[in-house]
Amino acid sequence: MKKLLLTLSLWAACAAQAADTKIIFIAGRPSHGPLSHEHRAGCLLLQKCLAGVPGVVTEVHTNGWVSDEKVFEGVAAVVVYSDGGGGHPFLQGDRLQKIGALMQKGVGLGAIHYAVEPTTAKGNAEFRDWIGGCFETFWSVNPHWDGDFKEFPKHPVTSGVKPFKTNDEWYYHMRFRDGMKDVTPILTALPPERTTGWSKDKPADAKPSTHGGNKDVFAAVVERKEPQHVMWVATRPDGGRGFGFTGGHNHLGWGNADQRKLVLNTILWIAKRDVPTGGVESAVTQDDLMANLDPKGAPKPKPQPAKTEEKK
């Protein structure tokens, strides 16, 4: 009888382990100054916040790729937080094809901050297919501004999220799928005019910037007053799910409980896990935010104006 009970216990443990949902974080290499683009620290923080979710196991892989590609076996979702453009880790070698193979299996994919930017020639079509949209040079812009998010659509990822406002490098005027097919905007706000990097006084032959501004973004934001989507979720015909979150430049933004809850909810959602009714609860301390930072040195002090002696 004892042997039978032991066998049943082992079977139950194995079954429970097999039912675990596996989520992989891919953190990019060190980038930018202190407390900016803290890919590794950000992924480890999100991992810690998901530690209390039953049935979810997570792994964080650094330097832009996994340590062994066998870890992709049985994965439910992949989240990449890294630099983008030509240095995007997914655009190196044949990795785009390898990620594509996971997408064909219905694996979820999330991209945070600069990782939403492939190149126009490589990755643009794939990212729009996999996560619904992406940053496109000469079309999208990446200014710093106060994103004031006052309302959200009714969607599992917004469960328990309250309105919030944070300053970040919120990319916008993204290139989405045609007609926003199966794409749901999650964070939307109207950026200030200064962020467009353009003006009506620009010469007719003025050239657009790769990231800083163009007449199309000026027309959308200033002339037509079109709110811009800086986070979205998408579904794919293969059953897979994806998201893009353009914030995350400022590491301390993860201290905002509602921003953090929204991203945690969304990670669960792309992994096809039920999002708790009140969203994923997590507590983050100042020590948590300052843990695992890349060795970038201390922030440089701002230069102070020279003092002048008053004449008597």
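**Notes on a predicted model: Thr266, His249, the cores and a helix pair**

1. A good place to start is Thr266, which touches Val157, Met231, Val233 and Phe243 once residues up to four places away in sequence are set aside. Please keep in mind that this is a predicted model. Thr266 belongs to helix α6, and it counts as buried because its relative accessibility is 0%, where the cut-off for buried is under 20%.

2. Phe243, one of the contacts of Thr266, leads into the largest nonpolar core. That core has 48 residues, and the members touching the most other members are Ile112, Leu187, Phe243, Phe245, Trp254 and Ile267. Which element gives the most to this core? Helix α6 does, with 7 residues.

3. Ile112 deserves a look of its own. Leaving out residues up to four places away in sequence, Ile112 is in contact with Leu46, Val79, Val80, Tyr81, Ser82, Phe243, Phe245, Gly247, Trp254 and Val263. Another core lies apart from the largest one; it holds 32 residues, including Val66, Val78, Val116 and Tyr171.

4. Next, His249. You will find it in the loop between β11 (241-245) and α6 (257-270). Is His249 buried or exposed? With 7% relative accessibility, it counts as buried, because the limit is under 20%.

5. The surroundings of His249 may interest you if you are thinking about side chains. Beyond residues up to four places away in sequence, His249 touches His32, Leu35, Ser36, His37, His113, His144, Asp168 and Glu169. With Ser36 there is also a polar contact between the side chains, at 3.4 Å. As for Ile112, its C-alpha atom is 9.1 Å from that of His249, although 137 residues separate the two along the chain.

6. Finally, a helix pair. Two packed helices are described by the angle between their axes and the distance between those axes. Helix α3 (residues 95-104) packs against helix α4 (residues 124-131) at an angle of about 25°, and their axes are 12 Å apart. The pair is therefore roughly parallel, since angles under 35 degrees count that way. The crossing of α3 past α4 is left-handed.

7. Which residues of α3 and α4 meet? On the α3 side they are Leu96, Ile99, Gly100 and Met103, and on the α4 side Glu126, Phe127 and Trp130.

Key: Residues are numbered from 1 along each chain as its sequence is written. This is a predicted model: local features need pLDDT of at least 70, side-chain atom pairs count only at pLDDT 80 or more; totals for chains, interfaces and linings use all residues. Side-chain values use heavy atoms; hydrogens and water are left out. Helices (H or I, at least four residues) and strands (E, at least two) are DSSP runs, numbered from the N terminus. Buried means under 20% relative accessible area, exposed over 50%, partly exposed in between (1.4 Å probe, protein chains only). Contact means heavy atoms within 4.5 Å. A polar contact is a pair of N or O atoms within 3.5 Å; within protein, one must be able to donate a hydrogen and the other to accept it, and residues adjacent in sequence count only if both atoms are side-chain atoms. A nonpolar core is a set of buried Ala, Val, Leu, Ile, Met, Phe, Trp, Tyr and Cys residues joined through side-chain atoms within 4.5 Å. Axes are lines fitted to C-alpha atoms, for helices over the stretch in contact, and angles run from 0 to 180 degrees between N-to-C directions. Angles under 35 degrees count as roughly parallel, over 145 as roughly antiparallel, 65 to 115 as roughly perpendicular and the rest as oblique. A crossing is left-handed if the near helix is turned anticlockwise from the far one by less than a right angle, and right-handed if clockwise.
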